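Hello,

Here is the structure for you to take over. My notes follow below it.

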Amino acid sequence: MKKIYLVLLSIVFGLSFVKPILATSIKKLPVPFTSQAPTFDWGQPWQDACEETAITVVDYFYSNKKFTPDTASKSILDIINKKNNFIGESLDENAETIVAIINKFFAWEAYIVKNPTLEQIKTEIDNNRPIIIPLHGKYLYNPYFRNGGPDYHSIVISGYDKDKKEFIVQEPGTRRGLDFRYSYDTIMNAMHDFLPNLQTKFGEKIAIFTSNSPISKTERKLIGTL
């Protein structure tokens with residue numbers, strides 16, 4: 001009887017140290033953040049460097065690096081210079097150009113997905129692959145944007161909150177952009193590729209999926225991206 005009592009006591013004592021596993025609705029990748037103006041200078045070229053910053057943010061994630069104002073500034077400028085030498089000087093770049101820059105100069109890859117669904121985007125995050133989204137900045141209704149925000153903008157989706165129906169993003173358009181949140185509806189509505197002459201809000205709905213390893217055409221077909 002004494003042995004049975006001691007066994008039961010040990011079981012109860014052991015269970016008291018077992019922490020319950022709580023289900024979470026949040027999936028968030030450890031994507032580093034920098035604004036497109038790392039030293040708070042919003043003049044050129046920083047004013048229109050959201051695309052280069054989005055590329056830099058994803059590159060630092062895949063390279064497991066962290067930002068300082070100095071390294072962020074140098075990395076963004078490096079992409080601007082490579083872009084200028086590659087395609088010529090420009091202030092805004094469409095999704096096709098962003099993908100071309102990534103696939104030419106970086107070890108990871110990117111490809112365009114037209115009309116991505118909410119589930120496709122969430123699946124990429126579940127597989128630890130951040131997404132670059134071009135959009136009409138004024139449709140984000142970000143309270144920290146001046147004059148309602150830019151006509152054309154780029155952000156990085158790095159997570160989601162299923163319960164609150166929000167995307168977690170790295171928002172380069174403000175110094176408060178670390179793990180910034182936009183509703184699903186806001187992002188899906190604002191998503192638009194760049195068109196000349198400030199016609200961004202009429203561009204195709206496009207996302208730039210990324211991967212740290214090559215994705216075959218067969219794999220892309222399986223997730224409905226071709």
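Y62 and W108 are both buried. This is a predicted model. The two rings form a tilted aromatic pair, with 5.6 Å centre to centre and 45° between the planes of Y62 and W108. The pair links distant parts of the chain. Y62 is in helix α2 (residues 50-63), while W108 is in the loop between α4 (95-105) and β2 (109-114). They are 46 residues apart. Y62 and W108 also belong to one aromatic cluster with F61 and F106.

Next, F167 and Y184. Their planes stand at 55° and their ring centres are 4.8 Å apart, so this pair is tilted; the tilted class takes what is neither under 30 degrees nor over 60. Again, distant parts of the chain are linked: F167 sits in strand β5 (residues 166-170) and Y184 in helix α6 (residues 184-190), 17 residues apart. F167 and Y184 are both buried. Across the whole structure, the search finds 10 aromatic pairs.

Two lysines deserve a mention. K122 has its charged end over the ring of Y160, 5.3 Å from the centre. K104 lies over the face of F105, at 5.7 Å from the ring centre.

Last, the pocket. The largest one has a volume of about 710 Å³. It is lined by 23 residues, and W42, Q47, R146, P150 and G173 are the closest to its centre. What is the lining of the largest pocket made of, by nonpolar, polar and charged residues? The split is 8 nonpolar, 8 polar and 7 charged.

Best wishes

Note on methods
Residues numbered from 1 in each chain as written. Predicted model: local features only at pLDDT ≥ 70, side-chain atom pairs only at ≥ 80, totals over all residues. Heavy atoms only, no water. 1 Å grid on protein atoms, 1.4 Å probe; cavity = no way out; pocket = protein on both sides within 12 Å on 5 of 7 lines; lining within 4 Å. Points joined across faces, edges and corners; volume = space filled by probe spheres on them. Nonpolar A, V, L, I, M, F, W, Y, C, P; charged D, E, K, R; others polar. Phe/Tyr/Trp six-rings, centres within 6.5 Å; stacked < 30°, edge-to-face > 60°. Helix = DSSP H or I, 4+ residues; strand = E, 2+ residues; numbered from the N terminus. Buried < 20%, exposed > 50% of the residue type's maximum accessible area, 1.4 Å probe, protein only. Lys NZ or Arg CZ within 6 Å of the ring centre and 35° of its normal.
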